[in-house]
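Reader: Before I rely on any label attached to this structure, I would like to see the reasoning behind it. Could you take me through the terms one by one?

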Amino acid sequence: MTLLDVQDLSVAFVRRGEAAVRAVDGVSFTVDAGQVVGLVGESGCGKSVTSLAIMGLLPRRGVELGGKAVFDGTDLFGLAPRDMRDVRGKDVAMIFQDPLSSLNPVIPIGLQVTEVLKRHRGMKGDAAGREAADLLDRVGIPDPKRRLKEYPHQLSGGMRQRALIAMAVACRPRLLIADEPTTALDVTIQAQILELLKDLVHEFGTALIMITHDLGVVAGMCDTVNVLYSGRIIETAARRPLFAAPLHPYTHGLLGSIPRLDALESEPLTPIRGSVRDALPWASGCAFQPRCDRPVEACVGAPPELDATFTGHEYRCVNPVRHSND
Amino acid sequence: MPETLLSVRGLKVHFPIRRGVIFDRTVGHVYAVDGVDLDVPRGGTYGLVGESGCGKSTLGRALLRLNPVTDGQVVFDGVDVAALKGETLRKARRRMQMIFQDPMSSLDPRQNVESILTEGLVAHGIGDSAAERRNRVVETLDAVGLPRWAMSRYPHEFSGGQRQRIGIARALVLGPDLIVADEPVSALDVSIQAQVINLLADLQRELGLTYLVIAHDLAVVRHISDTVGVMYLGGLVEEASSRALYAEPLHPYTRALMSAVPVPDPEVEDRRERILLRGDLPSPANPPTGCRFRTRCPWVQATRCDTERPALTEIKPGHKVACHWTKEIASGEITVNR
Amino acid sequence: MSKKTDKIDALAALSAQRSETGETLWKAAFKRLRGNPMAITGAIIIAIFLVVAVIGPFLVPYSPTATTWLGEVSESQALFPGPRAENWLGIDHQGRDEFSRMIVGAQQSLLVGVVATLFGLVFGALLGGIAGASAGLGGRIGVWIDSIIMRLMDMMLSIPGLLLAISIAAMIGQSVATVMIAVGTVQIPIFARLLRGSMIAQAQADYVLASTSLGIRKPRIVLSHIVPNSLAPVIVQVTLLLGIAIIEAAGLSYLGLGNADTTFPEWGVMLTDAQRYLSSAPRFAVFPAVAIIITALGFTLLGEALREALDPKLRR
């Protein structure tokens, strides 16, 4: 069952006296109930803006929003701000990269968690307090009763992210959006948080959109992966075919750029040349063309269409990478 | 066996914690680096890994005397740099350079590239004329893959990867022997990381540089290093050739660390058994007694761990571990206690 | 091989940019400033003020001190001729041309504001710079020097500005110079704290560490890296304080601490004189008051716009 259907989402930032910056340029993807979907890309690819748009967290001024985000039958972009606030936190919740700035520094953790419970689940004083302690316990915060009284700065980075996750799952949302949830954390803590997210998704049947630049995180978590480049999805596949046989030269290049811990001999890296700054506008061809190592004439002129193999592996490239065992 | 270029013995960096405004008093110490020995052969690459707060950056900066050294020796090419002062220290800096993590904040935004690269040359009296120095700058820019006209540009006009190349050029232009690279790629996009990693390797091959690379990313460190040292709370817990360390990690912390690193391969990820560590890093101002890892160690024992600090000892040729129970854990005599 | 392709990329990326030479941060800030209506409004106000203050006194129709129309003024009957063809802003209580007095008064106000702020800036920046450099790179002794200077600044700040100014005026007597020194002295700790704070923040930056590791001498690091990068907030403060200085100078003149020759026009003095006629001829107060407010507003607008333009967070 499709829970979230994002159709042709586009976001442009407009500043007085400057050309509009198109951060997201026609992104479409779906999330099924209970599914983990990855949005992967490097800085500036539009992955975070996509999530903010879905959550209705983009500023109204200076932003041009296009397309639809249909959540369980309702277009979120058509909702009044008031109704959107009800959806947010209750049905859809979000976890951010930096847990310290996402928590209010002058309010104890406990109060911040109970506030969510009171607002969205209509719980009262003691009951909310008990539920909050249960939640902290569930996300692996030791001694939850004491922690409830503490302020964000008294917790470590990992504990803060756990507290934020507790707040996000407090109302058993049907969709959780995690924007780089482990990027600010050390790898041993990252492992803990990723395990926790996996458990929660499994236990509550929550769908998860995992936004990250780390292909390693995606490989271990996501059912479906969308790779973004310069505001468009350039490849979509289930994670196994994606990693085994990436079709878009960008995905292929990214995988070739990462040193692997499990390789027996350290193999030379094959970087992608240039930088994201070299992107072409999509209107005049493939944005990745200037950095691509498989360019053909058809790359420039018209934007490449999204193509699909018979297994449903989608790619936006006129000269996809060929794999010998196809 | 190549000669040792850098030899560190018993290095300690303790930061006093002070209270008070004018009449401040010391109320404790942060034991950022607490007794580290390591050797780097000329032309080699030593990788230092560890999580935030383990003291790896402090160690790197102390080697270059950018942090005060509390105790110990830093012998660079036969001279104890830790004991140098004033003008002798300043002159010695030419041969030991640093590459920083954040290429934006490590470049003065008001200096153009030529000025950034020339400043060090002038400070050390390298090159007799402006033209000669300019030549050297152009050559260095060429070596790091930047065009000649980058000279008149300012840092904010470059992309992250290009800025890191400027930072590398600034270190190279003085003709150093040793380069300490502190998280040289972690601020960069994945596709750019590989460019910079390859550039560092190319430069090492061409110029015979010696590297000390500090990073939290084990895969990156393993890729570029010959020898890897794993740091935890101010001390080395394991040191081995990069091959041996990844083939056979012996210290419990190294094992946990390696099992936590995500690999971009679903097949590997699905088979992986994670060794999850309990809790967080203890404060370096108040480290645990005995073995510093014992509070989070899945193999912790009732005896010795809490009373005796294990020394870094050679278990196999070139493979050193600081754990009382290395053999027992390796043979399976001691298992994870949960 | 890989390096060659990398170089081509770098070339391609750079050639995409139009300008032939690099763009300094000042240039970039100026560009942003030009696009900001707030800055333009402020700049226009200041420009008009400057023109009036500098060349106005040579073009005024009458002498600002000549009591030419004294015969037409009657204090007892509250008779003060208002604006008319020969006297655009009317006649003041002494029978002098109000318009000429306003113009010449602008020059006085500008002079007092600029000299006072310069005084504050020079001494404040000197003390703040020494404190900032000592705290940032001077080690244990540096911390001491910094502490002493800054405690002194705290003491100055703890005395109310007006009280400090009045005490200074009381010590050195009544004159324009008194007003300048008094207003400037109040500004010293403001500039000192600002520059010091900014320098200490800059001293933590990685590029200072990089300079040290390059073997660059400390004085050079301070003068050519830390100080230039710390100036932006100080420059903003100069424009903001210029406006305030004009108001404060007017205030001190109003209290009678300014020029002993009270016949000489100055906006603050004109306000003092006006209070006796507030009910009979409110325009005596309105003209200088509005002039002071608009001028101060001009400097404040420009200052705020500068703050925005120089904000490193907006840098792209």
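Author: What follows is a set of questions about a predicted model, each answered by setting a value against its definition.

Reader: What makes chain A as compact as a globular protein of its length?

Author: Chain A has 11 helices and 12 strands. The radius of gyration of chain A is 21 Å, and the globule rule gives 20 Å for 326 residues; the two values are close, so chain A is as compact as a globular protein of that length. Along the principal axes, the C-alpha trace of chain A spans about 70 × 50 × 40 Å, and buried residues account for 49% of the 326 residues.

Reader: How do you know that chain B is as compact as a globular protein of its length?

Author: Chain B has 11 helices and 12 strands. For its 338 residues the globule rule gives 20 Å, and the radius of gyration of chain B is 21 Å, close to that figure, so the chain is as compact as a globular protein of that length. The C-alpha atoms of chain B fill a box of roughly 70 × 60 × 45 Å along the principal axes, and 52% of the 338 residues are buried. Among contacts in chain B between residues at least 6 apart in sequence, 64% join residues at least 24 apart; for chain A the corresponding share is 62%.

Reader: Why is helix α1 of chain A called largely enclosed?

Author: A residue is buried if 20 or more other C-beta atoms lie within 10 Å of its own. In α1(A), residues 47–55, seven of the nine residues are buried, so the helix is largely enclosed by the rest of the structure. The buried residues are Lys47(A), Ser48(A), Val49(A), Thr50(A), Ala53(A), Ile54(A) and Met55(A). Just after α1(A), Gly56(A) takes a positive phi of about 70°.

Reader: Why is Ser230(A) called buried?

Author: Ser230(A) has 24 other C-beta atoms within 10 Å, and the cut-off for a buried residue is 20 or more, so Ser230(A) is buried. The residue lies in the loop between β9 (224–229) and β10 (232–238) of chain A, and its phi is near 50°, a positive value in a residue other than glycine.

Reader: What makes Asp77(B) partly exposed?

Author: Asp77(B) has 17 C-beta neighbours inside 10 Å; 20 or more would make a residue buried and 12 or fewer would make it exposed, so Asp77(B), in between, counts as partly exposed. Asp77(B) is in the loop between β4 (71–76) and β5 (79–80) of chain B, and its phi, near 50°, is a positive value in a residue other than glycine.

Reader: How do you know that Pro268(A) counts as partly exposed?

Author: Pro268(A) has 13 C-beta neighbours inside 10 Å, and a residue is exposed at 12 or fewer and buried at 20 or more, so Pro268(A) counts as partly exposed. Pro268(A) lies in the loop between α11 and β11 (307–308) of chain A. Pro268(A) and Gly46(A) are 222 residues apart in sequence and 30 Å apart in space, C-alpha to C-alpha.

Reader: What makes β6 and β11 of chain B the edges of their sheet?

Author: The open sheet has eight strands in the order β6-β7-β8-β3-β9-β10-β12-β11 (chain B), with mixed pairing. β6 (96–99) and β11 (313–316) each have a single partner strand, so one side of each is left without a neighbour in the sheet. The twist from one strand to the next averages 25°.

Reader: How do you know that β7 and β8 of chain B pair?

Author: Two strands pair if DSSP finds at least two bridges between them. Strand β7 (residues 178–182) and strand β8 (residues 210–215) of chain B are joined by five bridges and run parallel, so they meet that requirement. Asp182(B) stands opposite Ile214(B) in β8(B).

Reader: Which residues make up the contacts of chain B with chain A and with chain C?

Author: The contact with chain A takes 38 residues from chain A and 36 residues from chain B. On the side of chain A, α8(A) gives the largest share, six residues, and that side divides into 16 nonpolar, 13 polar and nine charged residues. In the other contact, 30 residues of chain C meet 39 residues of chain B. α1(C) gives the most to the side of chain C, with eight residues, and by class that side has 12 nonpolar, 11 polar and seven charged residues.

Note on methods:
Residues are numbered from 1 along each chain as its sequence is written. Chains are lettered from A and ligands numbered from 1 in the order in which they are written. This is a predicted model: local features need pLDDT of at least 70, side-chain atom pairs count only at pLDDT 80 or more; totals for chains, interfaces and linings use all residues. Helices (H or I, at least four residues) and strands (E, at least two) are DSSP runs, numbered from the N terminus. The radius of gyration is taken over C-alpha atoms; the globule rule is 2.2 Å times the number of residues to the power 0.38. Two residues are in contact if their C-beta atoms, placed from the backbone, lie within 7 Å. Ala, Val, Leu, Ile, Met, Phe, Trp, Tyr, Cys and Pro count as nonpolar, Asp, Glu, Lys and Arg as charged, and the others, Gly among them, as polar. Axes are lines fitted to C-alpha atoms, for helices over the stretch in contact, and angles run from 0 to 180 degrees between N-to-C directions.
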